[in-house]
Amino acid sequence: MEHFGSDFLVVSDADGTEYELEVLAELEYLGVSYIYAAFSPTSADSLDAVFLKKMEEDGESVLELVEDQQELAALEALLEDQIFDSDL
């Protein structure tokens, strides 16, 4: 994972394809760290924001796409709470 400042990072998939992501939020849920990020540049006709779980694998930082529907629902609720709390 390569960082550009504090808001952008580049990740690569198992095939070595690189993607630039803009970090929109960082969350903690059940002791696990998550990133809510958007692919950059964004495209209006596709869903470009994803939740990624921060993990360690063989001593290396890894981001895993969150696909579990219950986990996604909990993260979405947490993100919504965080957004509304910050507007006060």
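Begin by selecting E71, which sits in helix 1 (residues 69–86); helices here are DSSP runs of H or I of at least four residues and strands are runs of E of at least two, both numbered from the N terminus. Before going further, keep in mind that this is a predicted model, in which local features need pLDDT of at least 70 and side-chain atom pairs count only at pLDDT 80 or more, while totals for chains, interfaces and linings use all residues. Residues are numbered from 1 along each chain as its sequence is written, and side-chain values use heavy atoms, with hydrogens and water left out.

With E71 still selected, colour by accessibility: E71 has a relative accessible area of 16% and is therefore buried, where buried means under 20% relative accessible area, exposed over 50%, and partly exposed in between (1.4 Å probe, protein chains only). The areas come from the Shrake-Rupley method with a 1.4 Å probe, and for residues only the protein chains shown count as cover.

Now add K53 to the selection and show both side chains. The side chain of E71 makes a polar contact with that of K53 at 3.2 Å; such a contact is a pair of N or O atoms within 3.5 Å, and within protein one atom must be able to donate a hydrogen and the other to accept it, with residues adjacent in sequence counting only if both atoms are side-chain atoms. E71 and K53 also form a salt bridge, the closest N and O atoms being 3.2 Å apart, the term standing for a side-chain nitrogen of Lys or Arg within 4 Å of a carboxyl oxygen of Asp or Glu. Because E71 lies in helix 1 and K53 in strand 5, the pair ties together parts that are 18 residues apart in sequence.

How many salt bridges does the structure hold? There are 2, and to see another pairing, select E26 and K54, whose side chains meet in a salt bridge at 2.8 Å, N to O. E26 belongs to strand 3 (residues 18–29) and K54 to strand 5, so this pair ties together parts that are 28 residues apart in sequence. E26 is partly exposed at 48% relative accessibility, and K54 is also partly exposed, with a relative accessible area of 34%.

Zoom out next to the whole protein chain, whose secondary structure comes to 1 helix and 6 strands, arranged from the N terminus on as β-β-β-β-β-β-α. Of the 88 residues in the chain, 25% are buried.

Two long-range pairs can be picked out in this view. Select L27 in strand 3, a residue that is buried with a relative accessible area of 4%, and then L79: the two are 52 residues apart in sequence, yet their C-alpha atoms are 7.4 Å apart in space. Then move to V11 in strand 2 (residues 8–12), which counts as buried at 18% relative accessibility, and draw a distance from its C-alpha atom to that of L63, which gives 8.1 Å for residues 52 apart along the chain.

For the backbone, turn to the loops. Most residues other than glycine have a negative phi. L30, in the loop between strand 3 and strand 4 (32–39), has a positive phi of about 50° although it is not a glycine, and its relative accessible area of 72% makes it exposed. D58, in the loop between strand 5 and strand 6, likewise has a positive phi, of about 55°, without being a glycine, and D58 counts as exposed at 80% relative accessibility.

Finish on the surface, keeping D58 selected and adding E56, E57, E60, E64 and E67, which together with D58 form a negative surface patch. Patches are made of residues with over 30% relative accessible area and no salt bridge, like charges being joined within 9 Å. Asp and Glu count as negative, and the place of a charge is taken as CG of Asp or CD of Glu. The elements that give two or more residues to this patch are strand 5 (49–57) and strand 6 (60–65). E60, one of the patch residues, is placed in strand 6 and is exposed, with a relative accessible area of 54%.

Key. Patches are made of residues with over 30% relative accessible area and no salt bridge: like charges are joined within 9 Å, nonpolar side chains (Val, Leu, Ile, Met, Phe, Trp, Tyr) within 5 Å.
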